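I opened the notebook to jot down what I looked up in this one, step by step. Here is what I had on screen.

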Amino acid sequence: MSDSNTTNFTNPSTFILLGIPGLEAAHVWISIPFCTMYTIAVLGNFTILFIVKREPSLHGPMYYFLCMLAITDLVLSTSTLPKTLSIFWFNSREINFSACLTQMYFVHCFLAMESGIFVAMAYDRYVAICDPLRHSTILTNPLVAKMGLAVLLRGGMLILPYPFLSRRWPYCRTIIHHSYCEHMAVLKLACADIRVSSYYGLFLAFLVTGLDVFFIVLSYIQILRAIFSLPTKEAQLKTFGTCVSHLCVILAFYIPALFSFLTHRFGHNVPLHFHILVANMYLLVPPMLNPIIYGVRTRQIRDRLLPLVTHKGMKVFSWCPGSQTDLHVELVGDIGLIPLP
């Protein structure tokens with residue numbers, strides 16, 4: 001089907017996703033890091049959910065927010081990557097019109113939700129570091145539930161106009177120069193005045209992202225002030241290192257997302273394949289990094305994960321006779337002595 005096909009129709013039965021235009025010959029190779037990141041994201045986030053559910057001592061505000069983030073990451077990455085991999089591996093480019101709008105809604109809804117969860121987690125860390133004695137009385141379970149519900153409703157309601165407005169436009173082209181149904185990539189196929197949708201997307205980007213980034217920055221300014229007032233250098237460095245790793249994950253989410261959003265509107269000189277790669281990165285990299293930064297580097301989760309891993313390892317090696325079992329037990333003992341960051 002040619003991109004020059006301009007037959008007018010309101011609701012096409014299918015769209016055609018090109019994957020990463022200009023890099024079609026490398027699709028199979030690109031799929032390897034994509035699939036690896038997705039596998040790590042799925043395993044890591046399910047591990048977080050399993051450990052928090054299994055351990056009653058982790059049933060607290062910080063871990064509830066972490067579970068919300070894990071669920072959001074799972075939905076966010078799963079809403080796009082299976083279809084992207086089917087394009088790379090099987091050249092399965094067609095996507096139903098309704099399925100495309102559904103994918104669009106889920107991607108942007110859960111992006112807004114993830115941004116809101118980052119704000120909630122920044123507030124949790126602010127209270128924990130700046131007012132630790134009142135943390136349990138401020139962040140009660142009912143308040144955490146209300147914050148989670150507010151994040152869910154905000155994302156769901158604000159993004160709801162996207163598919164409804166997109167369904168209204170007449171489309172005269174069906175080839176999407178993208179690997180998934182991104183909002184502006186779909187709107188560019190319409191043969192009508194789409195300024196309403198475009199302006200609404202612009203408004204949401206600056207309202208949601210702008211306010212969220214403002215509150216996150218405000219929280220971390222207060223956190224950094226509290227860190228540098230700690231009595232010892234060692235405590236300052238340890239807490240500062242944790243905050244820096246958290247900020248790196250947050251930046252890995254916001255910078256590519258804003259780059260992709262602004263490129264659709266103003267970056268006409270940015271190579272299309274580079275834009276599409278970046279647009280995929282912010283759906284894959286944060287879900288992969290979040291379980292590592294917020295999970296494995298969190299001592300309480302790490303302390304409960306290591307016994308599970310070593311216990312399973314010892315059960316596997318216990319089938320091997322003789323010195324192999326002894327060697328494994330010895331190595332497990334050595335690993336337990338290594339100081340973790």
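**Entry 1: the end of helix 3.** I began just past helix 3, where Asn-91 follows with a positive phi, near 55 degrees. This is a predicted model, so I read the angle as a feature of the prediction. Asn-91 has this positive phi although it is not a glycine. I placed Asn-91 in the loop between helix 3 and strand 2. Is Asn-91 buried or exposed? Neither quite: its relative accessibility is 48%, so it counts as partly exposed, the cut-off for exposed being over 50%.

Then I stepped back into helix 3 itself, residues 81–90. Helix 3 is mostly covered, with seven of its ten residues buried. I listed the buried ones: Leu-81, Lys-83, Thr-84, Leu-85, Ser-86, Ile-87 and Phe-88. I noted that Lys-83 is on that list.

**Entry 2: the sheet.** Going on past the loop, I looked at the strands. In what order do the three strands lie? They form an open sheet in the order 2-1-3, and the pairing is mixed. Strand 2 (94–96) and strand 3 (175–176) stand at the edges with a single partner strand each, so each has one side left without a neighbour in the sheet.

Strand 1 covers residues 14–17, and three bridges join it to strand 2. Strand 1 and strand 2 run antiparallel. For a landmark on screen, I picked Phe-15, which stands opposite Ile-95 in strand 2. Next I checked what lies against the sheet: helix 4 (residues 97–130) packs on it and touches strand 1, strand 2 and strand 3. The direction of helix 4 makes about 85 degrees with that of strand 2.

**Entry 3: helix 1 against helix 2.** I took helix 1 (residues 27–54) and helix 2 (residues 61–78) as my first helix pair. They pack at an angle of about 150 degrees, with their axes 9 Å apart. The cut-off for roughly antiparallel is over 145 degrees, and helix 1 and helix 2 therefore count as roughly antiparallel to each other. Their crossing is left-handed.

Which residues make the contact? From helix 1 I noted Tyr-38, Ala-41, Val-42, Asn-45, Phe-46, Ile-48, Leu-49 and Val-52. Helix 2 brings Tyr-63, Leu-66, Cys-67, Ala-70, Ile-71, Asp-73, Leu-74, Ser-77 and Thr-78. Sorted by class, this contact has 13 nonpolar, three polar and one charged residues. As a reminder to myself, an α-helix has 3.6 residues a turn, so residues three or four places apart point the same way.

**Entry 4: helix 6 against helix 9.** I then pulled up helix 6 (residues 141–159) and helix 9 (residues 195–227), whose axes are 11 Å apart at an angle of about 165 degrees. That angle makes helix 6 roughly antiparallel to helix 9. Here the crossing is right-handed. Arg-154, Leu-158 and Ile-159 of helix 6 meet Tyr-200, Leu-204, Val-208 and Asp-212 of helix 9. I sorted these residues too: five are nonpolar, none is polar and two are charged.

**Entry 5: a histidine in helix 11.** Last, I looked up His-275, which is found in helix 11 (residues 272–296). His-275 counts as buried because its relative accessibility is 4%. What does His-275 touch, leaving aside its neighbours within four places in sequence? I found Phe-259, Ser-260, Thr-263, His-264 and Val-270 in contact with His-275.

Definitions and conventions
Residues numbered from 1 in each chain as written. Predicted model: local features only at pLDDT ≥ 70, side-chain atom pairs only at ≥ 80, totals over all residues. Heavy atoms only, no water. Buried < 20%, exposed > 50% of the residue type's maximum accessible area, 1.4 Å probe, protein only. Helix = DSSP H or I, 4+ residues; strand = E, 2+ residues; numbered from the N terminus. Pairing = 2+ DSSP bridges. Contact = heavy atoms within 4.5 Å. Axes fitted to C-alpha atoms, helices over the stretch in contact; angles between N-to-C directions. Parallel < 35°, antiparallel > 145°, perpendicular 65-115°, else oblique. Left-handed = near helix turned anticlockwise from the far one by under 90°. Nonpolar A, V, L, I, M, F, W, Y, C, P; charged D, E, K, R; others polar.
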